[in-house]
Amino acid sequence: MRCPYCGSLDDKVIESRTMANGESIRRRRECISCGFRFTSYERIEEKPFMVIKRDGRREPLNTQKLSKGIDRALEKRPVATNMVEQIVAEIEDEAYIRGKQTREISTADLGELVLKRLYTVDKVAYIRFASVYKHFNDLDEFIAEVNRVSDENK
């Protein structure tokens, strides 16, 4: 490790501690050349979990974007604000389970996870999200989805 004071590559580790539930290691080091003490951290570099877009592009899973969409669907609905965080966490966990081998999930699968979860929480939020996600071509498709949801609740 390069000394931040003199630039020498010779140092010794004085102390090591496991941090953040074993996710990282904190090391206190001392430069052999100048005696300067400094701290370094080691973390496992993980490949980011990716979302495969409809056009084939891949981008890292953005939980803020997911949260924003769910928040918009639940806007002005009688659902606690901390419920959005819980829903996002559950969807993120399920996405990681589904994409464990490849470390990726399609937007179609992600959208279905959101729809499934919103359906159990609030039917109006489900319809709001579905109207954007499913790209209804006309009013008849929208009405058919609303009727399907209302028929299942009877």
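A residue counts as buried when its relative accessible area is under 20%. Keep that cut-off in mind for the first stop on this tour of a predicted model.

**Stop 1: aspartate 122 and arginine 77**

Select aspartate 122. Its relative accessible area is 8%, so aspartate 122 is buried. Now add arginine 77, which forms a salt bridge with aspartate 122; the closest N and O atoms are 3.1 Å apart. Aspartate 122 sits in the loop between H3 and H4, while arginine 77 sits in the loop between H1 and H2, so the pair ties together parts that are 45 residues apart in sequence. Arginine 77 is partly exposed, at 27% relative accessibility.

From here, select Lys12, Glu30 and Arg37, which are joined into one network by salt bridges that share partners.

**Stop 2: lysine 76**

Go back to the loop between H1 and H2 and pick lysine 76. Is lysine 76 buried or exposed? With a relative accessible area of 78%, lysine 76 is exposed. Look at its backbone as well: phi is positive, about 60 degrees, although lysine 76 is not a glycine. Most residues other than glycine have a negative phi.

Arginine 103 can be selected for the same reason: arginine 103 is not a glycine either, and has a positive phi of about 60 degrees. Look for arginine 103 in the loop between H2 and S6. Its relative accessible area is 24%, and arginine 103 is partly exposed.

**Stop 3: the nonpolar core**

In soluble globular proteins, nonpolar side chains tend to be buried together. Select Ile70, Leu74, Ile91 and Leu118. In the largest nonpolar core, which has 27 residues, these four touch the most other members. Helix H1 (63-73), helix H2 (81-98), helix H3 (107-121) and helix H4 (123-133) are the elements that give two or more residues to this core.

Stay on leucine 118 and show its surroundings. Which residues does leucine 118 contact, leaving aside neighbours within four places in sequence? They are Ile70, Ala73, Leu74, Lys123, Ala125, Tyr126 and Phe129.

**Stop 4: how the helices pack**

Two packed helices are described by the angle between their axes and the distance between the axes.

Display H2 with H3. Their axes are 10 Å apart, and the helices pack at an angle of about 140 degrees. That angle makes H2 oblique to H3. The crossing of these two helices, H2 and H3, is right-handed. To see the contact, colour the residues on each side: H2 gives Met83, Gln86, Ile87, Glu90, Ile91, Glu94, Ala95 and Arg98, and H3 gives Asp109, Leu110, Leu113, Val114, Lys116, Arg117 and Val121.

Next, display H1 with H4. Here the angle is about 125 degrees and the axes are 8 Å apart. H1 and H4 are therefore oblique to each other. Gly69, Arg72 and Ala73 of H1 make the contact with Ala125, Arg128 and Phe129 of H4.

**Stop 5: other salt bridges**

Side chains of opposite charge can pair when their charged atoms come close. How many salt bridges are there? The count comes to 12.

For one of them, select arginine 58 and glutamate 104, whose side chains meet at 2.9 Å, N to O. The pair links distant parts of the chain: arginine 58 is in strand S5 (residues 58-60) and glutamate 104 is in strand S6 (residues 104-106), 46 residues apart. Arginine 58 has a relative accessible area of 45% and is partly exposed. Glutamate 104, at 22%, is also partly exposed.

Then select lysine 53 and glutamate 59. They form a salt bridge too, with the closest N and O atoms 3.7 Å apart. Glutamate 59 counts as partly exposed, at 22% relative accessibility.

**Stop 6: serine 24 and proline 48**

Select serine 24, in strand S2 (residues 24-31). Serine 24 counts as buried, at 6% relative accessibility. Not counting residues up to four places away in sequence, serine 24 touches Arg17, Thr18, Met19, Glu42 and Arg43.

Finish at proline 48, in the loop between strand S3 (37-43) and strand S4 (50-52). Proline 48 is partly exposed, with a relative accessible area of 45%. Draw a line from its C-alpha to that of valine 124: the two residues are 33 Å apart in space and 76 residues apart in sequence.

Technical notes: Residues are numbered from 1 along each chain as its sequence is written. This is a predicted model: local features need pLDDT of at least 70, side-chain atom pairs count only at pLDDT 80 or more; totals for chains, interfaces and linings use all residues. Side-chain values use heavy atoms; hydrogens and water are left out. A nonpolar core is a set of buried Ala, Val, Leu, Ile, Met, Phe, Trp, Tyr and Cys residues joined through side-chain atoms within 4.5 Å. Buried means under 20% relative accessible area, exposed over 50%, partly exposed in between (1.4 Å probe, protein chains only). Helices (H or I, at least four residues) and strands (E, at least two) are DSSP runs, numbered from the N terminus. Contact means heavy atoms within 4.5 Å. A salt bridge is a side-chain nitrogen of Lys or Arg within 4 Å of a carboxyl oxygen of Asp or Glu. Axes are lines fitted to C-alpha atoms, for helices over the stretch in contact, and angles run from 0 to 180 degrees between N-to-C directions. Angles under 35 degrees count as roughly parallel, over 145 as roughly antiparallel, 65 to 115 as roughly perpendicular and the rest as oblique. A crossing is left-handed if the near helix is turned anticlockwise from the far one by less than a right angle, and right-handed if clockwise.
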